[in-house]
Amino acid sequence: MDSPADAVRDIPDGAVLAVGGFGLCGIPSTLIGALVHAGATGLRVVSNNCGVDDWGLGLLLRAGRIARMTSSYVGENKEFARQYLSGELEVELTPQGTLAERLRAGGAGIPAFYTPAGVGTQVEEGGLPWRYAADGTVALASPAKEVREFGGRRHLLEEAITADFALVRAEAADRHGNCVFHAAARNFNPLCAAAARITVVEADRIVEPGALDPDAVHLPGVYVDRVVAADPTDRRIERRTVRATPATPGTPTAPTPTPTATATATREQA
């Protein structure tokens with residue numbers, strides 16, 4: 001596609017979106033930004049979390065474009081919590097592994113599956129608040145799930161998730177839609193791509209067919225409908241943690257370098 005705006009132009013009001021990312025890693029931020037400008041509203045979004053207040057899906061949330069979230073984690077998004085508790089946003093909280101498998105099943109054409117996750121909790125029994133009323137009462141609660149025993153262990157029936165569109169972030173993609181992800185940025189991205197009717201990929205690098213090693217492809221192009229260039233500099237770190245390397249006991253202190261040695265080291269680093 002020529003631009004992110006072209007890639008998301010036909011996403012309508014009320015569409016179901018499967019959006020890749022985990023925390024702030026592997027977020028299709030370029031496509032989300034284009035969707036904010038496109039103006040679609042009443043969106044029903046499936047994603048592990050909802051970004052942060054000023055980035056990722058948090059931008060759509062802040063603009064009032066999301067009607068429903070299916071997630072496993074609220075994250076660091078204060079606006080997400082505010083809208084949920086005030087009854088402005090419907091939220092289906094799902095165990096993280098179950099969310100991943102529901103997307104995978106949707107992509108594989110499996111309508112439902114049984115899992116032990118959530119047995120003996122409100123996930124099984126129902127009653128989890130999906131939407132609050134303005135007065136703080138529960139306006140819509142989760143239903144009880146079907147239970148069946150396998151091998152002497154109880155399991156819950158979970159339905160697959162499919163979506164109208166998927167928004168995905170890749171490190172590299174060719175023009176046939178074959179994608180490679182970088183390390184943990186893969187996360188939910190391939191699952192979302194497979195579960196959607198139309199998958200839109202933003203990639204840091206777009207290469208010609210044949211440039212990617214077939215054995216390195218994480219997402220085959222058969223699942224991808226559109227590819228657009230991403231802004232490779234648009235990245236965030238949710239919680240930056242640094243620590244000094246502790247000195248090893250008994251290690252002699254290095255002598256202070258002479259000006260000549262310092263200049264030489266500086267030139268070598270440059």
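# Exercises on a predicted model

Leucine 57 sits in helix H3 (residues 57-62); helices here are DSSP runs of H or I with at least four residues, strands are E runs of at least two, and both are numbered from the N terminus. Before you start: this is a predicted model, where local features need pLDDT of at least 70, side-chain atom pairs count only at pLDDT 80 or more, and totals for chains, interfaces and linings use all residues. Residues are numbered from 1 along each chain as its sequence is written, and side-chain values use heavy atoms, with hydrogens and water left out.

## Exercise 1: Leucine 57

Work out whether leucine 57 is buried or exposed, and list what it touches.

Step one is the cut-off: buried means under 20% relative accessible area, exposed over 50%, and partly exposed in between (1.4 Å probe, protein chains only). Leucine 57 has a relative accessible area of 4%, so it is buried.

Step two is contacts, meaning heavy atoms within 4.5 Å. Leaving out residues up to four places away in sequence, leucine 57 touches Val19, Ile32, Val45, Ser47, Asn49, Cys50, Gly51 and Ile66.

As a last step, check a distance: proline 28 is 29 residues away from leucine 57 in sequence, and their C-alpha atoms are 9.0 Å apart.

## Exercise 2: The cores

Find the residues that touch the most other members of the largest nonpolar core.

Start with the term: a nonpolar core is a set of buried Ala, Val, Leu, Ile, Met, Phe, Trp, Tyr and Cys residues joined through side-chain atoms within 4.5 Å. The largest one holds 34 residues, and Ile11, Leu17, Leu35, Leu43 and Leu167 touch the most other members. Helix H2 (residues 29-38) supplies the largest share of this core, 5 residues.

Now zoom in on leucine 17. Again setting aside residues up to four places away in sequence, leucine 17 touches Ile11, Leu35, Leu43, Arg44, Val45, Val46, Ala163 and Phe165. Another core lies apart from this one; it has 23 residues, including Ala100, Cys192, Ala196 and Val227.

## Exercise 3: A sheet of 3 strands

Lay out the strand order of the open sheet and say how its strands pair.

Strands pair if DSSP finds at least two bridges between them. The order is E5-E9-E8, with antiparallel pairing. Strand E5 (112-115) and strand E8 (147-150) are the edges, each pairing on one side only.

Next, go pair by pair. E5 and E9 are joined by 4 bridges, and alanine 112 stands opposite glutamate 159 in E9. E8 and strand E9 (residues 153-159) also pair over 4 bridges, with glutamate 149 facing arginine 154 in E9. E8 and E9 make a hairpin with 2 residues between them, and glycine 151 in the turn has a positive phi of about 60°.

## Exercise 4: Helix H5

Check whether the span of H5 agrees or disagrees with its 13 residues.

First, place the helix. H5 (residues 96-108) lies across E5 and E9, running at about 155° to E5. For that angle, axes are lines fitted to C-alpha atoms, for helices over the stretch in contact, and angles run from 0 to 180 degrees between N-to-C directions.

Second, get the expected span, which is 1.5 Å times one less than the number of residues. For the 13 residues of H5 that gives 18 Å; the end C-alpha atoms are 19 Å apart, so the two agree.

Third, pick out the buried residues of H5: Thr98, Leu99, Ala100, Arg102, Leu103, Ala105 and Gly106. Just past the helix, glycine 109 has a positive phi of about 80°.

## Exercise 5: Positive phi without glycine

Compare the exposure of alanine 183 with that of asparagine 187.

Both residues come from the loop between strand E11 (179-180) and helix H7 (189-195). Alanine 183 has a positive phi of about 50° although it isn't a glycine. Its relative accessibility is 57%, so alanine 183 counts as exposed.

Asparagine 187, not a glycine either, has a positive phi of about 25°. With 21% relative accessibility, asparagine 187 counts as partly exposed.
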